[in-house]
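Thanks for sharing this one. Here are a few notes to read alongside the model, in the order I would look at things.

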Amino acid sequence: MRKKKIHILLLCTLYFVPLFLLLPSCREYKVSNDPSLRLSFSCDTLLFDTVFTAQGSSTAQIMVYNRNKNALIIDRIWLTNGTAFRVNVDGEPDLSRLSHVQINGGDSMFIFVRTDIDPTDSNNPVLVTDQLHFHLENDATQEIELEAYGQDVIRIGRNNNGRTDTVSATFKAAKPYIIYDTLVVHKTLTMNAGARIYMHSGACIYALGDVKAKGTLAQPVILRGDRLDRLFENVPYLYAGGSWDGFYLQAEQKQTYEFSYVDILSGNVGLYCMTTNDGAMPSLRMDGCRIHNHTQYGLVLLHTNALVTNTEISNCGSYCIYCDGGTHTFIHTTVASYFGSTDIRIQSASKQDVAAVYIDNLRKTTPKTKTSFYNSIITGSRTRQVVLATPLDRYYEGAFVSNYLKTDSLAIPHASMNVYWIEDEKNPVFRNTFYKYKEYNYYDFHLDSLSPAREIGDSIVALPYPSDRDGVSRAEVKPDAGCYQYRP
């Protein structure tokens, strides 16, 4: 008897449940012509980030809501101008073909918008506007403002089969540049103050001769990816590393590289210096620069002499600094390794379990490695952020003076002057070492008020560098370690 009841219950379930599921689809929505009823939109103004002319934007979306009880009918949707913006409503790209678009009570629909702006013949961004109109059957009309800034650019290598070769090249500040593939400069590469160089996915620069990249505090030289839009609503593509390849300095003779106030951001490799001639090593001078957010390396020095001052090298998936062969001096440099410390997965590669700084002095032949740090910071999310690979510590010629170092040990004689070895940081070194995307709270490697790196710098070392990377004076105060002097 019990089995029979279960059988009947099962049959009823199989019969009636599908019937109930079909009932909502049969519901009829009453259409209202009440002239007081309106639609709601996810935004009053759709503002695109700067768009390169003749290239087009990514697609943005607008949500259209009917928060009323009854259905509303849109009998016409149109643009005022209809030249710069392209609109797709419910899968239909031709607005003239739309009619009697019904949005039921409590329902919504998507509208997709992109913009294509013709060249503006201007060095500065030009504002382009339009209005998207909605006329309802109840005789109400509503609008959404559409705005975008169009920026003319100089394009390099778009149709050159993956490589563009030039004897010399000069990047100026008037208009930005987009590099689409591999740019090879055989002699002098010049980047003037204010030059903006946008790198397409996979693009890179190879400099085989001298480089003069001379930005200023007010007008830095900027190298970054060419996506100016957003990965998510409040996450710019700039925050995602690996959007382009890298900047490579490949010396064939004794080349000279001068970098002042150059920001190299969010590629695979920041700056990779190498030579094919050990007998004539190139020399790199870098001041006031920032190498940040690269999926592999920040600064690689292979058989290269270097002087790096007032520079931030931060957040790289592998080594922030890798030194092998040559004399390298870092003064008032901030090395911060917190790649991937975020509550959102935006990186194309995860952080490797490596130190922020790796110094390779194991070579038995020339050139030897002599890397020194003065008044600098090397820290990050790992316990040991400095690795010195040398056969005999006591014979290592490099020096570590007046630094804040997060490491377990550094057993060399020239590291005995006021060096702070930290295994567990009790006080915050920086203002922010974690990216919280919902709060727009990005990494900030300026010093915290409680930072143990404050006032530990050597005053004599700091004399040739009276101002920090931001132009803040170090004169008449005890210098802090790193490229940023503390200020409230």
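1. A definition to start: a nonpolar patch gathers Val, Leu, Ile, Met, Phe, Trp or Tyr residues that have over 30% relative accessible area and no salt bridge, with side chains joined within 5 Å. Please keep in mind that this is a predicted model. In it, Leu47, Leu127 and Tyr149 make up such a patch on the surface, together offering about 280 Å² of accessible area. Leucine 47 belongs to strand 2, residues 45-47.

2. Now to the interior. Nonpolar side chains tend to be buried together in soluble globular proteins. The largest nonpolar core here has 54 residues, and Phe171, Phe247, Phe259 and Leu271 touch the most other members. Strand 30 (residues 305-316) is the top contributor to this core, with 4 residues. There is also a second, separate core of 34 residues, including Ala84 and Phe134.

3. Phenylalanine 259 deserves a look of its own. Beyond its neighbours within four places in sequence, its contacts include Val211, Phe247, Leu271, Arg285 and Cys289.

4. How do the strands pair around here? Strand 24 (residues 256-260) runs parallel to strand 19 (residues 211-214), with 4 bridges; lysine 212 has glutamate 258 as its bridge partner in strand 24. Strand 24 is also parallel to strand 27 (residues 283-287), joined by 5 bridges, and threonine 256 is partnered there by serine 283.

5. Lastly, alanine 475 sits in the segment after helix 2 (459-462). Is alanine 475 buried or exposed? With a relative accessible area of 42%, alanine 475 is partly exposed. Its C-alpha is 9.0 Å from that of tyrosine 465, 10 residues apart in sequence.

Methods
Residues are numbered from 1 along each chain as its sequence is written. This is a predicted model: local features need pLDDT of at least 70, side-chain atom pairs count only at pLDDT 80 or more; totals for chains, interfaces and linings use all residues. Side-chain values use heavy atoms; hydrogens and water are left out. Patches are made of residues with over 30% relative accessible area and no salt bridge: like charges are joined within 9 Å, nonpolar side chains (Val, Leu, Ile, Met, Phe, Trp, Tyr) within 5 Å. Accessible areas come from the Shrake-Rupley method with a 1.4 Å probe; for residues, only the protein chains shown count as cover. A salt bridge is a side-chain nitrogen of Lys or Arg within 4 Å of a carboxyl oxygen of Asp or Glu. Helices (H or I, at least four residues) and strands (E, at least two) are DSSP runs, numbered from the N terminus. A nonpolar core is a set of buried Ala, Val, Leu, Ile, Met, Phe, Trp, Tyr and Cys residues joined through side-chain atoms within 4.5 Å. Buried means under 20% relative accessible area, exposed over 50%, partly exposed in between (1.4 Å probe, protein chains only). Contact means heavy atoms within 4.5 Å. Two strands pair if DSSP finds at least two bridges between them.
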